[in-house]
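Visitor: I would like to look at how two chains meet. Could you walk me through it?

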Amino acid sequence: MDATDEIQSHRDVMKPNSIPLPDAPSGRSWGVVSVLDGPDRGRLWELGVLPGIEIRVVRVAPMGCPMEIEIDGSRFALRRETARTILVATAGPL
Amino acid sequence: MTSIALVGNPNSGKSSLFNRLTGLSQKIANYPGVTVEHHSGRLRLSSGDLEVVDLPGTYSLVGRSPDERVTSDFLAGELKGVNAPDAVCAVIDACQPGRGLFLVSQIIDMGIPVVVALNMVDEAREAGQLPDASALSLALGGIPVIPTVAVNGEGIPALSSAIAEVAKTKVSSSVASLWRTLRVADAFGNDPAETARRHAWVRSKLGQAKWRPTGGHRASSDRIDKWLLHPALGFVLFLIIMGGIFQAVFSLAAPLQDGVEMAISALGSACGTWLSPGLARDIVTQAVFPGVGAVVVFLPQIVILFLLLGILEDTGYMTRAAFIVDRPLRMIGLSGRAFIPLMSSFACAVPGIMATRVIEDRRERLITILIAPLMTCSARLPVYTVAIGALMPESAQFGPFGARGLVLLALYVGGALTGSLVAFVLGKTLLKGDRHAPIIEMPTYRWPDPKAVLTRMAHRAASFLRRAGTVIFGVSLLLWALSAFPRADVAPDAPASVTAAAQLHGSIAGRAGRLIEPIVAPLGFDWRIGIGVLASFAAREVFVSTMGVVYAIGEGETEVAEAQLQAAMQAAVHDGTTRPVFDIATLVALLLFYMIAPQCASTLAVIRRESGSWGWAALAFGYLTVLAFAVAWAGRHVALWFVGGN
Ligand SMILES: Nc1nc2c(ncn2[C@@H]2O[C@H](COP(=O)(O)OP(=O)(O)O)[C@@H](O)[C@H]2O)c(=O)[nH]1
Ligand SMILES: [Mg+2]
């Protein structure tokens with residue numbers, strides 16, 4: 001990761017109204033704000049997890065991890081720490 | 001020959017289409033990541049034959065995991081020993097066209113001629129979304145788009161002719177080199193703007209085709225998942241389903257096994273009466289039939305377990321099972337992906353280890369490979385059956401349960417627990433490091449296609465039989481030879497059992513057994529068990545037939561009668577004493593030894609092949625042997641302490 005990336009991620013974390021997906025109340029869709037750097041960032045992008053896309057936590061496995069998410073009609077299972085790299089907007093239009 | 005590659009997202013139906021196009025049967029399952037290497041077959045056309053290659057599913061051409069890399073390397077012509085394809089048939093799931101078109105956009109950019117198979121239109125139709133293939137084709141600038149239903153063959157002729165057409169266009173030779181440059185520059189996938197542009201392109205194409213995908217049968221799948229993935233009930237249902245499978249395997253297989261046993265012994269006796277007495281007859285009746293028979297008897301179990309697992313795979317439940325057990329497996333350093341390989345290992349470690357190819361993380365894959373032999377495979381059952389039978393009578397009860405069944409259950413659990421412990425330790429020591437759990441697609445539930453399930457089962461059964469027919473057959477012959485030579489001198493009027501015992505004592509096998517007796521003596525084993533242990537390094541079940549030879553059961557007959565063998569084992573004493581060989585402590589040690597010991601040449605061979613080095617196979621062999629000795633020794637002493645004695 002280069003320096004500008006790092007600055008970018010920090011700015012994302014700091015965005016006042018964006019929170020990691022697992023922390024967002026479930027039961028509704030959220031707009032993706034950004035994806036933090038991590039081993040799965042490229043994969044998430046190509047699956048369509050990009051800013052402005054709607055995402056939803058469908059359910060959580062019996063012991064709290066992994067989680068099933070829905071993007072664009074497709075369902076994926078990912079671990080909680082991967083889901084944490086997805087920041088979603090809590091309020092307001094995107 | 002002109003070659004066509006099938007490329008598409010996992011679970012989009014590539015293998016089903018491949019089977020339709022080539023008439024071959026390749027493994028299909030409703031479980032992402034089933035095709036892990038490339039398979040090729042022939043598509044017969046009036047204009048000449050084409051080679052069709054089925055590739056692992058992928059979401060992009062970046063090659064983010066080893067199996068995805070097979071696909072992208074193949075397309076770039078970088079896979080060793082194979083040429084790049086002349087054209088691509090991109091397979092798109094009509095219920096999830098967005099992700100499929102994303103991949104198509106990269107294929108188009110590569111410059112390879114492409115035809116799109118819009119598969120699963122039956123499901124899209126049912127979900128109220130009849131995609132307009134010609135509109136999509138128009139939006140894609142004239143790339144042929146053929147609607148197909150791989151499971152019933154709809155659209156296959158149209159697809160074949162479209163493929164024939166596209167195969168005529170010649171790729172410019174600069175494509176591969178251009179592509180290589182692109183990959184070096186990492187043009188795909190590491191830039192969100194580039195990825196976003198592609199997604200926008202996909203959306204615009206879908207818009208031009210006036211297509212708003214729905215994701216297929218989600219509503220009914222969600223109704224099922226409400227129960228099967230229920231936060232509390234889900235785990236209980238998972239345990240019930242898996243317990244049910246084991247129960248079914250045992251109860252359904254028993255009558256079939258009796259049938260197989262009878263058929264083999266009848267066949268053996270028939271051969272015995274046909275052949276005139278002599279070496280040839282001895283080989284047939286004492287080596288061939290008992291040896292191969294001991295293995296074939298387990299075919300019903302393996303077939304039934306694979307049938308049931310296959311049905312579960314095709315419904316889509318196995319992905320849910322992986323979802324449910326991910327967290328528990330994580331405690332021992334594995335992930336949900338290790339579940340199917342480990343579960344298959346309960347039938348036989350060989351297909352189980354091969355199934356680890358779906359595990360992306362190399363360390364996790366190695367750990368799974370190394371512990372797979374600890375899952376109780378069906379080859380252990382003959383040994384367990386005989387030893388437990390000698391240990392306690394059929395009528396023994398423990399509370400309301402039959403004691404024999406409980407001991408068997410304890411051995412299954414013991415093997416799995418040992419495996420968990422080993423996985424945990426390996427993950428903290430030799431194979432430590434960050435694990436990476438991939439993002440896995442959750443398919444919708446589907447009715448399994450009986451033909452696909454049955455062919456897959458037949459393949460697995462055939463590979464098991466091939467093993468029985470070669471390795472175990474060879475070993476049985478060798479073993480028989482080692483115990484039949486050099487010929488012992490005995491009075492011709494001596495009783496048959498005396499002759500046989502003297503023969504074994506003086507034979508090469510007998511000498512080898514006595515040679516290793518000091519090593520196995522701490523476990524309470526005598527030289528006869530030593531022979532069994534040595535012989536069963538090739539395959540566990542050989543132990544039973546060896547004991548049959550050792551105790552001269554079935555002289556003149558082919559069937560290794562279990563009860564007879566148990567009686568002989570109970571009567572056996574250490575040479576020159578009245579001390580029984582198979583006392584409780586020895587039997588406990590024997591059971592524990594077989595619970596762990598890596599006694600299967602095929603498993604070690606497949607570990608070598610899948611891990612890519614003899615080193616890992618040697619490690620597996622070494623650690624399992626040492627552990628087996630240690631645990632058996634400890635078990636023996638605990639048993640001695642309980643029952644008293646030396
Ligand atoms: N309903 C329906 N199911 C299909 C079709 N094609 C494949 N399937 C099923 O989809 C699942 C995945 O198929 P498979 O060929 O293994 O996909 P692959 O991963 O792309 O090779 C299997 O359960 C197939 O039976 C289709 O056209 N219609
Ligand atoms: Mg496949």
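Visitor: How much area do chain A and chain B bury between them?

Guide: Happy to help! This is a predicted model, where local features need pLDDT of at least 70, side-chain atom pairs count only at pLDDT 80 or more, and totals for chains, interfaces and linings use all residues. Residues are numbered from 1 along each chain as written, chains are lettered from A in the order written, and side-chain values use heavy atoms, without hydrogens and water. Buried area is the accessible area (1.4 Å probe) that two parts lose on being put together, summed over both. Here 58% of it lies on carbon and sulfur atoms, and the total is about 3,100 Å².

Visitor: Which residues of chain A lose the most area to chain B?

Guide: Chain A brings 29 residues to the contact and chain B 41 (heavy atoms within 4.5 Å). Three residues of chain A together make up 23% of what that side buries: A:Arg43, A:Glu46 and A:Arg79.

Visitor: Which residue of chain B forms a salt bridge with A:Arg79?

Guide: A salt bridge here is a side-chain nitrogen of Lys or Arg within 4 Å of a carboxyl oxygen of Asp or Glu. The rule finds seven across this interface. In the one with A:Arg79, the closest N and O atoms are 2.9 Å apart, and the partner is B:Asp326.

Visitor: Which residue stands opposite A:Ala77?

Guide: Strands are DSSP runs of E, at least two residues long, numbered from the N terminus, and two strands pair if DSSP finds at least two bridges between them. β5(A) pairs with β9 of chain B (residues 440-441) in the antiparallel sense, over two bridges. Opposite A:Ala77, in β9(B), stands B:Ile440.

Key:
Helices (H or I, at least four residues) and strands (E, at least two) are DSSP runs, numbered from the N terminus.
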